[in-house]
Amino acid sequence: MTIYMKQRTLAKPFSCSGTGVHSGVRVNLTIQPAPANHGIRFQRSDLPDSPTIGAFFRNVVDTSLATVIGQEGAIVSTIEHLMAAFSGLSIDNALVTIDGYEMPIMDGSARVFAQGIMEAGTVEQDKPRSYLAITEKVEIVEGDKRVTAVPSDHFSITCNIAFNHPMINEQSVTLDMRDNTFLETISPARTFGFYRDIKMLKLYGLGRGADLGTGIALTDDGIMNEDGLRFPDEFVRHKLLDCLGDFSLLGMPILADITTNKSGHAFNHAFLETLFGNKGAWETRTLESKAL
Ligand SMILES: [Zn+2]
């Protein structure tokens, strides 16, 4: 059962390299242990004085193509998959050093990051974990988009998507953090998009790093990736991965059952604004041993 009482960080650093999906620029990444109460921070080692940016939703500066955080003129783009890996593996504190502005897309999933964290190992720290516990239902609705959070003594996310494509249609998946299944069932799920949209992005100088090794490319009635899907419902699993990364920007683990319908980065961000602003709907809580 993965409901931790104490904060956690990595046992040792690990590094990886890859290419930004939009910039096409190769970057090097080192993920290092950090002290208790540090949180997750990104550091731009390529800029003068190596500024750091906290992975907090109030630092989000753009959600149109990916989640971008910025502070004092420095930004880091496309952080959501690494953030999902931290959240899915219950890592509270880490310093992510990057020598460029866009995170590497790797294979379009969080698998490399999650495996790197597991191989580095994790350690418990001497400070309690503060949870943001939802105390009454919080919901935002816009057309057929919806995010709902209800009180719970643990954390689960259910994602529902409906996509007009024969390989997707309607899909639903749930991750219950007590099951410890993020690494196997969610972290390998890749991002996806229509090949025609990726071609259009490239015309605008974006998607430069996108190819069949960085995600699933949809045609009108199938996919272009010769090896097929990693899961029949890989699409909604990736949506859940994105949601986990987005919600982790609250800066503390959540105690709630969250359900999303057709949500994306911008709508998830709007949900965090609503939740955080509704001070009567949540409290911070540390867990006593009896709660386990
Ligand atoms: Zn994604």
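1. His 238 is buried in this predicted model. Its relative accessible area is 1%, and buried means under 20%. Asp 242 also counts as buried, at 10% relative accessibility.

2. Both residues sit in helix 5, which spans residues 234-247. They are four residues apart there, so about one helical turn separates them.

3. Which protein atoms are donors of the zinc ion? They are NE2 of His 81, NE2 of His 238, and OD atoms of Asp 242, which is listed twice. The donors lie 2.1 to 2.7 Å from the zinc ion. Along the chain, their spacing reads H-x156-H-x3-D.

4. The zinc site is irregular. Angles among its four donor atoms run from 53 to 149 degrees. To count as tetrahedral, four donors need all angles between 85 and 135 degrees. Water is not among the atoms, so the site may look incomplete.

5. Leu 10 belongs to strand 1, residues 6-10. Leu 10 counts as buried, at 1% relative accessibility. Beyond its neighbours within four places in sequence, its contacts include Ile 31, Pro 33, Phe 86, Ile 91 and Ile 117. Gly 121 is also in contact with Leu 10. These two residues are 111 apart along the chain, yet their C-alpha atoms are separated by 5.7 Å.

6. On the surface, Val 61, Ile 75 and Tyr 101 make a nonpolar patch of about 260 Å². Tyr 101 is placed in the loop between strand 9 (94-98) and helix 2 (111-120). Is Tyr 101 buried or exposed? Tyr 101 counts as partly exposed, because its relative accessibility is 42%.

Note on methods
Residues numbered from 1 in each chain as written. Predicted model: local features only at pLDDT ≥ 70, side-chain atom pairs only at ≥ 80, totals over all residues. Heavy atoms only, no water. Patch = residues over 30% accessible without salt bridge, like charges linked within 9 Å, V, L, I, M, F, W, Y side chains within 5 Å. Areas by Shrake-Rupley, 256 points an atom, 1.4 Å probe, with all protein chains shown as cover. Salt bridge = Lys/Arg side-chain N within 4 Å of Asp/Glu carboxyl O. Helix = DSSP H or I, 4+ residues; strand = E, 2+ residues; numbered from the N terminus. Buried < 20%, exposed > 50% of the residue type's maximum accessible area, 1.4 Å probe, protein only. Donors = N, O, S within 2.8 Å, 3.2 Å for Na, K, Ca; no water. Tetrahedral: all angles 85-135°; square planar, octahedral: opposite > 155°, others 65-115°. Contact = heavy atoms within 4.5 Å.
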